[in-house]
Amino acid sequence: MANALKHDGGGETTEGSEMAVHAPAPQTALDLDRVIHERMRLGIVSALAVNDRLSFNDLKKLLKTTDGNLSVHARKLEEAGYITCEKYFEGRMPKTEYQLTSPGRRALERYLDHMEAIIQATREG
Amino acid sequence: MADPQPVRPRLVPPPALHLRAMDNLRFIRETMEGAAFFTAVSGLGEVAVGVTAMAAAWIASRQVTTWGWLQVWLWDALVAFLITAGAIVWKARRSEQSLFSKPGRRFALSLFPPLMAGALLTPVLFFSGNVAALPGLWLLLYGTGVVTGGAFSVRTVPVMGMAFMALGAVALVSPPVWRDALLAAGFGGLHVIFGIVIAWRHGG
């Protein structure tokens, strides 16, 4: 867990290539889903959990980030199968919208359970 | 003799795991709250509903029969529903959001049962002569719906519901002569105040 938590809040440089696609479900209490553990990706998944779909611009405003940063993290979530991306034109304007998938929702639920388990364990200990 | 100085700067210990976990949970909750505003009820719509309720309270207070009084408030409920629905559509279009998003559906499904209960109890109480109980019942049930519906929304919404419930509790034990003043304070004043807060903090 300590190793996993050191990634918290970090950017791309803290992660390495090991977590590019399909992070396995946590095997033990010490395994975190590193795909959504990173702050920006956790923010994307959390925001999509309470909205059917959100546009790229809405997510960018909400998470107060840049185009490049959001693109990179959204692509990682897409590669993991946690979100889907739809691109289309509205008139002449290109639009990008994201949606949370069922595996993505389950991953967020597992992550929430994981965090609560850590807090619970500390209280009991 | 002076204390020996450490050769190396002292390392800052990492925060405890449970503190990191709590911080992560807080981050998730705040992100969800921030994201939910895209589909929340329109604050400006609530202000408009509040203004019509104040007008309704003034008109209702001038009615000489209880049937006339009830009709004024039923018409106001219809007008409030139309304003709220129109404002939600306007806000959803303005922010390019789906009307049938998950928070929107959840809010509507949570708000509907208490309102339905109020709609069924109103004629029962009216025709059994318990008109004095109606203001408290309406405020209490509307507040209940807003609290449950707003549980997953921005904090302002459930707080508004609790204010309605508190006012409803007061109305239940207040003399009948206060009924229009309490309804004006609730459906008028609380809607205007919280509508301004929602519009100011969460847009529209």
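In the predicted model, Leu125(B) is partly exposed, because 15 other C-beta atoms lie within 10 Å, a count that falls between the limit of 12 or fewer for an exposed residue and that of 20 or more for a buried one. The residue belongs to helix H4 of chain B, which covers residues 102-127. When residues up to four places away in sequence are not counted, Leu125(B) touches Asn130(B), Ala133(B), Leu134(B) and Leu137(B). For Leu137(B), which follows 12 residues apart in sequence, the C-alpha to C-alpha separation from Leu125(B) is 9.8 Å.

Chain B, to which this residue belongs, contains 7 helices and 0 strands, so that its succession of elements from the N terminus is written α-α-α-α-α-α-α. Of its 204 residues, 39% are buried, and where contacts between residues at least 6 apart in sequence are considered, 75% of them in chain B join residues at least 24 apart.

Within chain B, helix H2 (residues 43-61) packs against helix H3 (residues 66-94) at an angle of about 170°, the two axes being 9 Å apart. Because angles over 145 degrees count as roughly antiparallel, H2(B) is assigned a roughly antiparallel arrangement relative to H3(B). By class, the contact of H2(B) with H3(B) comprises 15 nonpolar, 3 polar and 1 charged residues. On the H2(B) side, the residues involved are Leu44(B), Gly45(B), Ala48(B), Val49(B), Thr52(B), Ala53(B), Ala56(B), Ile59(B) and Ala60(B). These meet residues of H3(B) that include Trp69(B), Val72(B), Trp73(B), Asp76(B), Val79(B) and Ala80(B), and further along the helix Ile83(B), Thr84(B), Ala87(B) and Ile88(B).

Chain A combines 6 helices with 3 strands, and along its sequence the elements follow the pattern α-α-α-β-α-α-β-β-α. Buried residues account for 30% of the 125 residues of chain A, while 59% of the contacts between residues at least 6 apart in sequence join residues at least 24 apart.

The strands of chain A form an open sheet of 3 strands with the order E1-E3-E2 and antiparallel pairing. Strand E1 (54-55) and strand E2 (83-90) of chain A each have a single partner strand and stand at the edges, so one side of each is left without a neighbour in the sheet. Strand E3 (residues 93-100) of chain A is joined to E2(A) by 8 bridges, with the two strands running antiparallel. Within this pairing, Lys87(A) has Thr96(A) in E3(A) as its bridge partner, and Glu90(A) is placed opposite Met93(A) of E3(A). E2(A) and E3(A) together form a hairpin with 2 residues between them, and Gly91(A) in the turn adopts a positive phi of about 70°.

A positive phi is also found at Lys64(A), where the value is near 50° in a residue other than glycine. Lys64(A) is located in the loop between helix H4 (56-63) and helix H5 (67-79) of chain A. Lys64(A) is exposed, because 8 other C-beta atoms lie within 10 Å, and the limit for an exposed residue is 12 or fewer.

Helix H6 of chain A, spanning residues 102-124, consists of 23 residues and reaches 32 Å from its first C-alpha to its last, close to the 33 Å expected at 1.5 Å a residue. The buried residues in H6(A) are Gly104(A), Ala107(A), Leu108(A), Tyr111(A), His114(A), Met115(A) and Ile118(A). An α-helix has 3.6 residues a turn, so residues three or four places apart point the same way.

Ala107(A), found in helix H6 of chain A, is buried because 23 other C-beta atoms lie within 10 Å, where 20 or more suffice for that class. Apart from neighbours within four places in sequence, Ala107(A) is in contact with Asp33(A), Ile36(A) and Tyr82(A). Asp33(A) and Ala107(A) are 74 residues apart along the chain, yet their C-alpha atoms are separated by 7.5 Å.

Terms used: Residues are numbered from 1 along each chain as its sequence is written. Chains are lettered from A and ligands numbered from 1 in the order in which they are written. This is a predicted model: local features need pLDDT of at least 70, side-chain atom pairs count only at pLDDT 80 or more; totals for chains, interfaces and linings use all residues. Helices (H or I, at least four residues) and strands (E, at least two) are DSSP runs, numbered from the N terminus. Two residues are in contact if their C-beta atoms, placed from the backbone, lie within 7 Å. Two strands pair if DSSP finds at least two bridges between them. The expected span of a helix is 1.5 Å times one less than its number of residues. Axes are lines fitted to C-alpha atoms, for helices over the stretch in contact, and angles run from 0 to 180 degrees between N-to-C directions. Angles under 35 degrees count as roughly parallel, over 145 as roughly antiparallel, 65 to 115 as roughly perpendicular and the rest as oblique. Ala, Val, Leu, Ile, Met, Phe, Trp, Tyr, Cys and Pro count as nonpolar, Asp, Glu, Lys and Arg as charged, and the others, Gly among them, as polar.
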